[in-house]
Amino acid sequence: MKEIYSEIILDHWKNPRNKGRIENADIVIEDSNPLCGDKITFYLDFEKETIRDVKFEGSGCAISQAAASMLSEIVKGKNIYDIVKLEKDEIEKMLHVSLGPNRIKCALLPLKALKLGIYSYIGKKYKT
Amino acid sequence: MRLEKYRKDFPILKIKINGKRLVYLDSAATSQKPKQVIEAITDYYQNYNANIHRSIHSLGEEATKAYEEARETVAKFINAEKPEEVIFVRNTTEALNVAAFGLRKIVSTGKILLSEMEHHSNLIPWQQLAKINNAKLDFVGFDQDGYLKIEELKQKARNAKVIAITQASNVLGTINPIKEIAEIASDAIIVVDGAQSVPHMPVDVQELDIDILAFSAHKMLGPTGIGVLYAREELLKKMEPFIFGSEMIKEVSFNNASWNDLPYKFEAGTPHIAGAVGFKAAIDYLQKIGMKNIRRHDQEITDYALKKLSKLVNIIGPKKAKDRSGLIAFTMNDVHPHDIAAILNEDGIAIRSGHHCAMPLHTKIGINASARASFYLYNTKQEIDLLVKSLEKVKRVFEK
């Protein structure tokens with residue numbers, strides 16, 4: 001079996017990128033995983049259809065926190081309609097690991113939160 | 001270890017996980033099964049499978065006899081006065097639901113007293129009952145070392161109609177003084193969650209002087225899908241059934257029905273016959289070893305593990321093995337329990353991680369989750385050494 005805790009996951013867990021908060025962010029979105037108590041909060045600033053800036057706060061297992069850190073690097077400057085197309089396969093590729101049905105929930109939590117954030121931004125945009 | 005010879009009866013203990021021999025330290029979630037139990041279930045399906053209580057043919061008679069013998073075995077195992085006081089249900093959770101809703105009219109608006117160390121299954125049914133009945137729900141706390149606050153219980157028990165409490169906490173490991181509690185609150189209905197105690201120590205309902213006891217077969221070498229609600233006969237007679245349908249009735253018209261005698265009033269539909277057969281085999285197996293011996297073994301392993309682990313992890317609950325059941329929950333500073341469990345799994349070691357269905361307890365002690373190693377009669381001190389070695393690896397991997 002390939003070890004779950006690759007160098008890259010441990011690196012992001014030990015030195016998370018984009019960790020912190022954005023004051024007066026356009027969108028603040030929180031999600032959690034009741035299975036293990038993983039928590040992720042994303043702070044998102046948008047420029048039309050792209051994510052201009054992203055930061056996150058959270059607590060939980062190394063997989064969920066590393067996934068949040070890696071995802072934050074990937075999505076900065078990206079088009080929101082491309083981000084919502086990301087799925088499980090892309091996350092596993094990003095983490096260099098394939099996970100079982102229980103553990104995959106930890107890896108997918110940041111993506112789920114991020115998508116919720118984007119959807120609420122889109123919703124807001126059409127309302128105003 | 002005296003019980004080591006029994007390991008050979010458990011086929012699963014020979015398998016390998018990630019190339020390493022399985023070290024199964026998750027018996028508090030579910031125990032492994034000896035071949036005697038597996039064979040008893042196969043024997044039932046191959047040789048006398050039939051529905052019970054209604055078929056007149058030979059197989060029906062044989063299956064009915066086996067099912068009722070299982071009930072008698074359970075009754076003797078917990079020293080119930082009569083087999084009719086043993087109701088077969090799916091598991092501890094279902095037993096506690098049947099108890100809570102069965103007591104709905106008896107409890108009425110009276111106070112329900114729980115402890116702060118309850119598993120969700122001994123919390124939510126009472127929460128719901130309190131809401132339906134508009135009754136008060138109250139809680140007894142535990143101290144820094146994980147012991148129940150008995151003085152607080154004495155105060156709060158005074159006007160309690162029901163006290164529902166675990167005999168052994170599935171997170172703290174604490175064994176609660178049930179007999180003392182039953183003495184303190186002699187007017188209240190005492191409901192005991194025995195999920196973590198009945199598999200691991202002698203439990204005698206008459207000696208403890210309790211009214212209701214709930215436990216599951218799968219945590220005591222038996223199959224999943226069958227558990228027990230024990231209640232005193234006079235209480236069962238007053239309790240309302242929770243599940244309606246066939247088998248639980250006496251007379252039925254289009255608009256009305258009267259309830260069957262005990263225990264059938266609470267056992268609607270075709271029950272888990274194979275489960276009962278396997279459950280009996282499990283109890284026979286446990287009794288052959290002796291519950292006192294199993295308790296002694298658990299305590300020895302726990303004592304050994306407490307000593308070895310205390311230098312490495314933060315242990316939750318009492319420091320003394322004699323006050324604990326055979327499980328140890330712990331944390332490792334900022335390493336998440338899921339990461340601990342994942343690293344251990346690489347070495348073939350199975351532990352539990354999460355909130356163990358006790359969210360309020362974890363919130364109370366200020367953590368989100370914990371890791372838990374739990375032991376049973378087949379575990380050895382060598383396995384604890386392997387656990388320690390693997391935990392040292394966890395420390396190295398996640399060193400910042």
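## A buried asparagine in chain B

At 2% relative accessibility, B:Asn379 counts as buried, because the cut-off for buried is under 20%. The model in which this residue sits is a predicted one. B:Asn379 belongs to the loop that runs between β17 (370-374) and α14 (381-397) of chain B.

What does the side chain of B:Asn379 reach at 2.8 Å? The partner is the backbone nitrogen of B:Tyr376. The side chain of B:Asn379 also makes a polar contact of 2.9 Å with the side chain of B:Glu383. Once neighbours within four places in sequence are set aside, the residues in contact with B:Asn379 are B:Arg7, B:Tyr24, B:Leu25, B:His297, B:Ile301 and B:Ser374.

## The salt bridge beside it

Two of the residues named above also pair with each other. The side chains of B:Glu383 and B:Arg7 form a salt bridge, with 3.3 Å from N to O. This pair links distant parts of the chain: B:Glu383 is in helix α14 of chain B, B:Arg7 is in the segment before β1 of chain B, and 376 residues separate them.

Are these two residues buried or exposed? B:Glu383 is buried, with a relative accessible area of 1%. B:Arg7 is buried as well, at 13%.

A further salt bridge joins B:Asp9 and B:Lys8, whose closest N and O atoms are 3.8 Å apart. Here the two ends differ in exposure: B:Asp9 is buried, with a relative accessible area of 4%, whereas B:Lys8 is exposed, at 58%.

## Salt bridges elsewhere

Over all chains, the count of salt bridges comes to 39. One of them is in chain A, where the side chains of A:Glu73 and A:Arg17 meet at 3.6 Å, N to O. A:Glu73 lies in helix α2 (residues 62-75) of chain A and A:Arg17 in the loop between α1 (7-14) and β1 (27-33), so the pair ties together parts that are 56 residues apart in sequence. A:Glu73 is partly exposed, with a relative accessible area of 44%, and A:Arg17 counts as partly exposed at 24%.

Salt bridges can also join up into a network. In chain B, one such network links B:Lys111, B:Lys136, B:Asp138, B:Glu152 and B:Lys156.

## Aromatic pairs

How many aromatic pairs does a search of the whole structure find? There are 15 over all chains. Among them is the pair of B:Tyr6 and B:Tyr285, which is edge-to-face, with 6.1 Å from centre to centre and 75° between the planes. This pair links distant parts of the chain, 279 residues apart: B:Tyr6 is in the segment before β1 (16-17) of chain B, and B:Tyr285 is in helix α10 (residues 273-289) of chain B. Both B:Tyr6 and B:Tyr285 are buried.

B:Phe101 and B:Phe242 have ring centres 5.3 Å apart and planes at 20°, so this pair is stacked. It too links distant parts of the chain: B:Phe101 is in helix α3 (residues 92-102) of chain B, while B:Phe242 is in the loop between α9 (233-238) and β11 (249-252) of chain B, 141 residues apart. B:Phe101 counts as buried at 18% relative accessibility, but B:Phe242 is partly exposed, at 32%.

Ring pairs also build a cluster of B:Tyr6, B:Phe10, B:Tyr285, B:Tyr376 and B:Tyr378. One member, B:Tyr376, is the residue whose backbone nitrogen the side chain of B:Asn379 reaches.

## Where chain B meets chain A

In the contact between the chains, 17 residues of chain B touch 20 residues of chain A. The area buried between them is about 1500 Å², and carbon and sulfur atoms give 58% of this.

Which residues form the one salt bridge across this interface? They are B:Asp339 and A:Arg103, with the closest N and O atoms 2.8 Å apart. Six residue pairs are in polar contact across the interface. On the side of chain B that touches chain A, helix α12 (residues 337-346) of chain B gives the most, with five residues. Nine of the ten residues of α12(B) are buried, including B:Asp339. After α12(B) comes B:Gly348, which has a positive phi, near 80°.

There is also a contact between a charge and a ring. The charged end of B:Lys400 sits over the ring of A:Trp13, 4.5 Å from its centre.

Note on methods. Residues are numbered from 1 along each chain as its sequence is written. Chains are lettered from A and ligands numbered from 1 in the order in which they are written. This is a predicted model: local features need pLDDT of at least 70, side-chain atom pairs count only at pLDDT 80 or more; totals for chains, interfaces and linings use all residues. Side-chain values use heavy atoms; hydrogens and water are left out. Helices (H or I, at least four residues) and strands (E, at least two) are DSSP runs, numbered from the N terminus. Buried means under 20% relative accessible area, exposed over 50%, partly exposed in between (1.4 Å probe, protein chains only). A polar contact is a pair of N or O atoms within 3.5 Å; within protein, one must be able to donate a hydrogen and the other to accept it, and residues adjacent in sequence count only if both atoms are side-chain atoms. Contact means heavy atoms within 4.5 Å. Rings of Phe, Tyr and Trp (its six-membered ring) pair if their centres lie within 6.5 Å; planes under 30 degrees apart count as stacked, over 60 as edge-to-face and the rest as tilted. A charge sits over a ring if NZ of Lys or CZ of Arg is within 6 Å of the ring centre and within 35 degrees of the ring normal. Buried area is the accessible area (1.4 Å probe) that two parts lose on being put together, summed over both. A salt bridge is a side-chain nitrogen of Lys or Arg within 4 Å of a carboxyl oxygen of Asp or Glu.
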